[in-house]
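Colleague: I would like a close look at one part of this model, the aromatic rings and what lies around them. Please take it step by step.

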Amino acid sequence: PILNAQNRTRFAIIGSSCTLNITNLVIQNGYSYSGGGSVVNYGALVLDRVVFDGSETEVSGGAIMSYGSVYARRSAFRNGGAGDNGGVICSSGDASTVVIVDSDFKDLYAGASGGVLQMIH
C-alpha cells in the first residue's frame, strides 16, 4: 500500500503514551514546515519494511521528528531531507532513542548537519 500526502501535510503525530507499528507501507511526499515531514513522534514508532520517499521539512527531521523512541528495520529512506538538521530523523530529548537495522538511505540532504540522523540531547 502507498500513502501519498502530495507535499501538503505529514501523516501522523504519535502521543507520548502511544505506540505506532507500521509494516509493509510506502509513505510518499510527506511535508511539514515545522519539522517531521511525515511523522512527529512523542511515544514509540516501530517500522518494519517501510519506505519513506520524498519526506521533507524546512526545519528538522525530514521524515521523522522524534522525542520518543524509533526502531526501524528493513526500511528505506530516500529522496528527502531537512532544511536544517536530520535529513531523515532528528531525535531530541533525554528520553529519545533511535535504532536502525538493515535499512537503506539514498539521495537525502540536511541544510546544517546530520544528513541522516541528528541527535540533540
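To begin with, is Tyr67 buried or partly exposed?

Modeller: This is a predicted model. Tyr67 is partly exposed, with a relative accessible area of 34%. The count of aromatic pairs comes to three, and Tyr67 belongs to one of them. Its partner there is Tyr42: the ring centres are 5.0 Å apart and the planes lie at 10°, so the pair is stacked. The two tyrosines come from distant parts of the chain, 25 residues apart. Tyr42 sits in the loop between strand 5 (39-41) and strand 6 (44-53), and Tyr67 in the loop between strand 8 (64-66) and strand 9 (69-73). Tyr42 is also partly exposed, at 41% relative accessible area.

Phe52 and Phe77 form another pair, with centres 5.4 Å apart and planes at 5°; because the cut-off for stacking is under 30 degrees, this pair is stacked as well. Phe52 lies in strand 6 and Phe77 in strand 10, again 25 residues apart. Phe52 counts as buried at 1% relative accessibility, and Phe77 counts as buried at 2%. Together with Phe105 they form one aromatic cluster.

Phe52 and Phe77 also line the largest cavity, along with other residues including Arg78, Val88 and Leu108. That cavity holds about 40 Å³ of space, and the count of cavities of 30 Å³ or more is one. Strand 10 (residues 76-82) gives the largest share of the lining, four residues. By class, the lining has five nonpolar, four polar and one charged residues.

Key:
Residues numbered from 1 in each chain as written. Predicted model: local features only at pLDDT ≥ 70, side-chain atom pairs only at ≥ 80, totals over all residues. Heavy atoms only, no water. 1 Å grid on protein atoms, 1.4 Å probe; cavity = no way out; pocket = protein on both sides within 12 Å on 5 of 7 lines; lining within 4 Å. Points joined across faces, edges and corners; volume = space filled by probe spheres on them. Nonpolar A, V, L, I, M, F, W, Y, C, P; charged D, E, K, R; others polar. Phe/Tyr/Trp six-rings, centres within 6.5 Å; stacked < 30°, edge-to-face > 60°. Buried < 20%, exposed > 50% of the residue type's maximum accessible area, 1.4 Å probe, protein only.
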